[in-house]
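Here is a short briefing for a first look. Keep the sequence and the 3D view open while you read.

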Amino acid sequence: MGAHPLPRRADDFGEVLPTPPELVNRSLPTRDFLPPPAGNAFVSQVSAVPADVLARSTWQPACPVEASGLSYVTVSFWGFDNHAHTGELLVNRTGAQAMVQAFGQLFAARFPIEEMRVTAPAELDAPPTGDGNDTSAFVCRPVRGQTNWSAHAYGLAVDVNPFCNPYTKGDLVLPELASAYVDRSRVRPGMALAGGDVVRDFAAVGWSWGGAWTSPTDRMHFTATGQ
């Protein structure tokens with residue numbers, strides 16, 4: 001994935017193209033970045049951010065949260081391959097236990113997640129490919145199309161299965177190849193739906209859902225700040 005850059009639109013996002021047939025019902029296997037958990041029990045850990053993890057993240061001194069204000073969270077998750085894997089998140093220290101609780105509930109429900117890893121700096125400037133599906137929290141970037149900091153830049157938001165839960169605003173779809181998932185009446189694994197596991201489990205820890213917004217509608221987005 002990520003091998004074919006998309007042409008740029010006038011707004012500098014990638015051109016929105018039809019979803020490739022092989023991704024209309026996306027269920028790709030997870031490539032392990034961290035060792036998977038032993039057995040099928042949920043395992044989590046919260047710690048200060050290791051120096052090597054911070055170095056491969058998007059954090060830099062200009063970010064609106066100090067490095068000491070972030071926690072490194074690892075949690076078990078079920079992949080679309082029906083195997084347990086270990087994911088990693090950078091999260092604001094105030095939200096670390098909320099992440100453990102929410103993803104623990106999703107693990108118990110066997111909700112599938114394709115990938116969960118820390119966003120790398122190169123990804124911020126990479127050409128758009130429109131096929132990403134990484135579940136991530138802290139990313140030091142502004143709100144899409146604006147200059148003010150996103151809740152992600154504070155570690156107070158998480159995007160869950162972005163391809164399965166795209167962002168839409170007018171004719172823009174992000175990821176740009178995920179238009180097949182804009183139709184929410186066609187329910188497929190990995191989708192965040194009103195009344196479903198993901199929305200309910202994040203609401204239980206006080207995080208709201210961008211899928212309830214009108215414009216934009218940010219179906220992947222869960223936030224502690226409402227933004």
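The points below cover aromatic pairs, charges over rings, and pockets.

This is a predicted model. It holds seven aromatic pairs. Its largest pocket has a volume of about 1600 Å³, and the second largest has about 320 Å³.

**Aromatic pairs**

- Among the seven aromatic pairs is the one formed by F42 and F107, which is tilted. The ring centres of F42 and F107 are 5.7 Å apart, with 50° between the planes.
- F42 lies in the segment before β1 (44–48), and F107 lies in helix α2 (residues 96–108). The two residues are 65 apart in sequence, so the pair ties together separate parts of the chain.
- F42 has 30% relative accessibility and counts as partly exposed. F107 is buried, with a relative accessible area of 7%.
- F202 and W207 form another pair, with ring centres 6.4 Å apart. Their planes meet at 45°, so this pair is tilted.
- F202 is buried, at a relative accessible area of 0%. W207 is also buried, at 5%.
- F202 and W207 belong to a cluster linked by ring pairs. F103, W209 and F222 are the other members of that cluster.

**Charges over rings**

- R26 lies over the face of F163, at 4.6 Å from the ring centre.
- R188 lies over the face of Y181, and here the distance to the ring centre is 4.0 Å.

**The largest pocket**

- The volume of the largest pocket is about 1600 Å³. It is lined by 49 residues.
- Closest to the centre of the largest pocket are E123, L124, T129, G132 and R144.
- Three elements give two or more residues to this lining: β3 (84–92), β4 (115–116) and α3 (122–125). The element that gives the most is α3, with three residues.
- The lining of the largest pocket divides into 18 nonpolar, 14 polar and 17 charged residues.

**The second largest pocket**

- The second largest pocket has a volume of about 320 Å³, and 17 residues line it.
- V143, R144, Q146, W213 and P216 are the lining residues closest to the centre of the second largest pocket.
- The lining of the second largest pocket divides into six nonpolar, seven polar and four charged residues.
- R144 is named in both pockets: it is among the residues closest to the centre of the largest and among those closest to the centre of the second largest.

How values were computed: Residues numbered from 1 in each chain as written. Predicted model: local features only at pLDDT ≥ 70, side-chain atom pairs only at ≥ 80, totals over all residues. Heavy atoms only, no water. Phe/Tyr/Trp six-rings, centres within 6.5 Å; stacked < 30°, edge-to-face > 60°. Helix = DSSP H or I, 4+ residues; strand = E, 2+ residues; numbered from the N terminus. Buried < 20%, exposed > 50% of the residue type's maximum accessible area, 1.4 Å probe, protein only. Lys NZ or Arg CZ within 6 Å of the ring centre and 35° of its normal. 1 Å grid on protein atoms, 1.4 Å probe; cavity = no way out; pocket = protein on both sides within 12 Å on 5 of 7 lines; lining within 4 Å. Points joined across faces, edges and corners; volume = space filled by probe spheres on them. Nonpolar A, V, L, I, M, F, W, Y, C, P; charged D, E, K, R; others polar.
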